[in-house]
Amino acid sequence: CLENTDPRTRGRGIQLLSQVLLQCNSLLQEKEVLHLVLFYENRLQDHHLVIPSVLQGLRALSMCEVLSPGLAVSVLKAIFQEVHVQSLMQLDRHTVYSIITNFMGTREEELKGLGADFTFGFIQVMDGEKDPRNLLVAFQIVHDLITKNYALGPFVEELFEVTSCYFPIDFTPPPNDPHGIQREDLILSLRAVLASTPQFAEFLLPLLIEKMDSDLQSAKLDSLQTLTACCAIYGQKELQEFLPSLWSSLRREVFQTASEKVEAECLAALHGLSACLSRSVLSSDTEDLLDSFLGSILQDCRHHLCEPDMKLVWPSAKLLQAAAGASLRAYHRVTRSVLPLLLEQYTKHPQSSQRRTILEMLLGFLELQQKWGHVEEDESTLLSLQAPICSVVFSALTDPSVQLQLVGIRALIVLGSLQGFLSPSDLELVVDHLIRLALHEEDSQSSEAAMEAAGSLAPIYPKVFSGRMVPRLEEELQSGRAEREEESSRDHCSLQQRCLQALAAVSIHTSIVRETVPVLLQHLRKVQKGSKARNAQDVVSVCQSLHRVALQCQQDAEGCWYYHQTVVPCLLAMAVQAATQESTHPPLGKALLEEEVLAAMVPVISAATTHLSPELAAQSISHVVPLFLDGEVSFLPQNSFPCSFQPFEDGECLEAQRRLVVLLMAFVCSLPRNVAIPQQERLLRELLALSCSCNCPFTATTAAKCFAGLVNKHPAGQQLDEILQLAVNRMEPGLAEGPRRTQALTLLLWVRPALDAGRGERQGGRPGADSALPAQVTKALVLRYHPLSSRLTDKLLGLLGDVELGPAAADGFSLLMAESPDVLHKDCHADVRIMFRQRFFTDNVPKLVQGFHGAGPDVKANYLKGLSHVLNHLPKPVLVTELPTLLSLLLEALSCSDRVVQLSTLSCLQPLLLEAPQIMSLHVDTLVTKFLSLASSPTMAVRIAALRCAHALTSLPTTVLLPYKARVIRALAKPLDDKKRLVRKEAVAARGEW
């Protein structure tokens, strides 16, 4: 077959041999490889029909490890001499590139022995290549030729020409391209070649300058990005001749372009040029190109900085900042000329808008100094201008213009971060300005920015802030309390609120936390006395500040432990004092027992506990659990209470004490899972009993949530099973027939019911309280995939068919799927398994759909509501895959009269219109009708959601929407006159898109 006179037959024979070699090349001996190479080299002179099979065989042999020395060179010489590569098919050309790649990887030294002949041979092979699949390989070969120091000889220009002819890349992949080659792949591969050697500079830089003048934005961007890449390897010698032309092109583009992308790339290229010139080592007889280059930039841009109202002021500032930011030498050269000018211009221009522009430019140069940290005394222009710079910034802080104040505050942060720039007297002035802005500035933007600035600077200068700012804030708080009787206006409340916020903002450093926390706690002790609503709001404000401090302390172990052992016992002591005094002194401490206040204390205790080490957490929990179970108050400060603390004991007079179980919940449910809770089984039983027997909805719900949080983290085993069985046994009677079923289920779903039973009717109140548990327990078990969770979920599904309890049971699905704000979430170390929502969806949505189809007309809406809640909390990518089977039910849910169902369904549909337009297009008629109808709903939230969905409809294909265009535009005219501004806003946006 190999000697057959028919070239097609010979080709098939060689093809068979080549295929065998591709499978077994690793098994060949050295002599066998030698004979096969000689045979294949000879066959390269055969008929052109045979050549593709010969190349496949040579590719197989190029992968052999036992290839004799010299054979790689022999094969490549034969290919270069005998094969006209560009006349071959794409796959065969790719085979040639693969052979070269294989030899370069394994026989590098042999190929380098060919010298420049190898480079010339490859140039002939590549010349004229057009297929992107082959170009990616060819570009990689050229890159390796250069970076691995193969001899280029006299063929540098030829190698550049054979690759640069593709610049800039103009390639659009065909639709459904199986190879997945993108234009960006080719651009990056070619750029790596062009920017791989300074030897290309004399040819490449004129090409880049030419392409920068192109009308095509893509060509401009590619040229600028390539220039930036080249600057990383070029030196002064390569750039010198072309610097004037390069600067001219860059300046023109920044001054004239309307494209932010082009401007950004021009600035990056200028930064690269300045950095490249900064790296050059100067000898005594050479010109300092960096100095002359920056001189040209200053000459062309500096005068524009004197015209803050003109359009070229910002492009000029950006160009100067890009050049200055490349090196410390460049920074000193530019700022020496620019900073005095800007300071002079600030004084010359009295208008706030002009001063803001000038200060923002000054701020840009100040921010560049942060790159190099410490201000050098011998070179820095900044130190010589310290006084005028501080004067300008301080004057901005006292200007009536809020926008100028905000820029001044940003500048203040930068100056403060420059080590050694601000003198002690300047720092005191900085603190004074921040206090004034934070507390007394009318505009909230400036006040908030000043607090953020204080938070940024406090860790850098903790002594100044703890010694000057904290006492001033404490003084403001105390004087505010003294004047309370005479001044009860909103201004006073705002000042007190700002003081608290400012104290929290500066509590970044541990040393400052040790100063601010006692101030906050002392203020809390003062404001919590009394029974007015104002006191409750004041206590909530203090708790919010304490919460912020806790969050800021979490990453510092020392600060976290100090905060925990200072704040948590103090809060518990004040709450216990208030609860034990309620019967004897009703007015005192009443504010601390308000639900609003207790709810505000929960995140404080939780944040103070979540990041404790296991050892410290165990030490703390050993005091807290005995406090609630045994009334052990010895660890609390000021622990002299009117009566014993027994929150789990029976008795109507202990109702106030039982409310404090919410604080126990905040503590124990935030502990790491590896912390052992003392007397845990007893605690679980007490919580279970309290949640089943207490008539107070707040207490019963928090006890149930605490029970759920502990169950969620409880190790699997017999103890857990016994507790859960006990919970189920207590729960099921509460859902039986009785007068309290609605209240029971409302409490089950964490909503306060209006219980009619009196406090003394323990048995009468039991059915309502018994059902506080299922939702909490179900959620706790759903999150950790406990087997019992399916049984409890089925019970909830069964209640959907109940006429009385169905609507509230449907709302329970929202509770099961939503994030829990206080106990059952990952920040509290809860056992939340990955994709629990997806699993819940898979297990229960088929049951919901089946129940809907089999339900009577009076309860169908319950199933739709439950389904809508589940889908609304499901990750959208999962929902899109299930959309075809569920969309009809979602559309039916839009016809439901329940506003909650409507709102939940609309919230679910809006992202689906954007993410699955093809599927939604099939139901466009129904969607348009439903959305326009709901746009007139009596409920504002539904109207807004419907208009957003009408807006999202415009993402569907235009051909689908055109028949409805006139109808929708007419219908959306009515909401333009809606009485609510937010509705009008959405109507304008939607109608504009249509």
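At what angle do helix H5 and helix H7 pack, and how far apart are their axes? The legends below start with that pair, and they all describe a predicted model.

**Figure 1. Helix H5 packs with helix H7.** Here you can follow H5, which covers residues 90-106, alongside H7, which covers residues 116-126. The two pack at an angle of about 155°, and their axes are 11 Å apart. An angle over 145 degrees counts as roughly antiparallel, so H5 is roughly antiparallel to H7. Their crossing is left-handed.

**Figure 2. Side by side, residues of H5 and H7 meet.** From H5, look for Val-96, Tyr-97, Ile-100 and Met-104. Their counterparts in H7 are Phe-118, Phe-122, Val-125 and Met-126. What kinds of residues make up this contact: nonpolar, polar or charged? The contact of H5 with H7 has eight nonpolar residues, no polar ones and no charged ones.

**Figure 3. A salt bridge joins Glu-129 and Arg-93.** Side chains of opposite charge can pair when their charged atoms come close. In this view, the side chains of Glu-129 and Arg-93 meet with an N to O distance of 2.9 Å. Glu-129 sits in the loop between H7 and helix H8 (132-147), while Arg-93 belongs to helix H5, so this pair ties together parts that are 36 residues apart in sequence. Are these partners buried or exposed? Glu-129 has a relative accessibility of 1% and counts as buried. Arg-93, at 11% relative accessibility, counts as buried too. The structure holds 23 salt bridges, and further examples follow.

**Figure 4. Within helix H18, Lys-348 pairs with Glu-344.** This salt bridge brings the closest N and O atoms to 3.2 Å apart. How far apart are Lys-348 and Glu-344 along the helix? They are four residues apart in H18 (residues 328-348), so about one helical turn separates them. Lys-348 is exposed, with a relative accessible area of 55%. Glu-344 is partly exposed, with a relative accessible area of 39%.

**Figure 5. Arg-948 and Glu-986 form a salt bridge.** Their side chains meet at 3.1 Å, N to O. Since Arg-948 lies in helix H48 (residues 940-952) and Glu-986 in helix H51 (residues 981-993), the pair ties together parts that are 38 residues apart in sequence. Arg-948 counts as partly exposed, at 38% relative accessibility. Glu-986 counts as buried, at 15%.

**Figure 6. Salt bridges that share partners build a network.** Which residues does this network join? Find Asp-213, Lys-220, Arg-252 and Glu-253, and you have its members.

**Figure 7. Helix H12 packs with helix H15.** H12 spans residues 217-231 and H15 spans residues 260-279. They pack at an angle of about 20°, with their axes 8 Å apart. Angles under 35 degrees count as roughly parallel, so H12 is roughly parallel to H15. The crossing of H12 and H15 is left-handed.

**Figure 8. Residues of H12 meet residues of H15.** Among the H12 residues in this contact are Gln-217, Lys-220, Leu-221, Leu-224 and Cys-231. Those in H15 include Lys-261, Val-262, Glu-265, Gly-272, Leu-273 and Arg-279. The residues of the contact divide into 10 nonpolar, four polar and four charged. You may recognise Lys-220, one of the H12 residues here, as a member of the salt-bridge network too.

How values were computed
Residues are numbered from 1 along each chain as its sequence is written. This is a predicted model: local features need pLDDT of at least 70, side-chain atom pairs count only at pLDDT 80 or more; totals for chains, interfaces and linings use all residues. Side-chain values use heavy atoms; hydrogens and water are left out. Axes are lines fitted to C-alpha atoms, for helices over the stretch in contact, and angles run from 0 to 180 degrees between N-to-C directions. Angles under 35 degrees count as roughly parallel, over 145 as roughly antiparallel, 65 to 115 as roughly perpendicular and the rest as oblique. A crossing is left-handed if the near helix is turned anticlockwise from the far one by less than a right angle, and right-handed if clockwise. Contact means heavy atoms within 4.5 Å. Ala, Val, Leu, Ile, Met, Phe, Trp, Tyr, Cys and Pro count as nonpolar, Asp, Glu, Lys and Arg as charged, and the others, Gly among them, as polar. A salt bridge is a side-chain nitrogen of Lys or Arg within 4 Å of a carboxyl oxygen of Asp or Glu. Buried means under 20% relative accessible area, exposed over 50%, partly exposed in between (1.4 Å probe, protein chains only).
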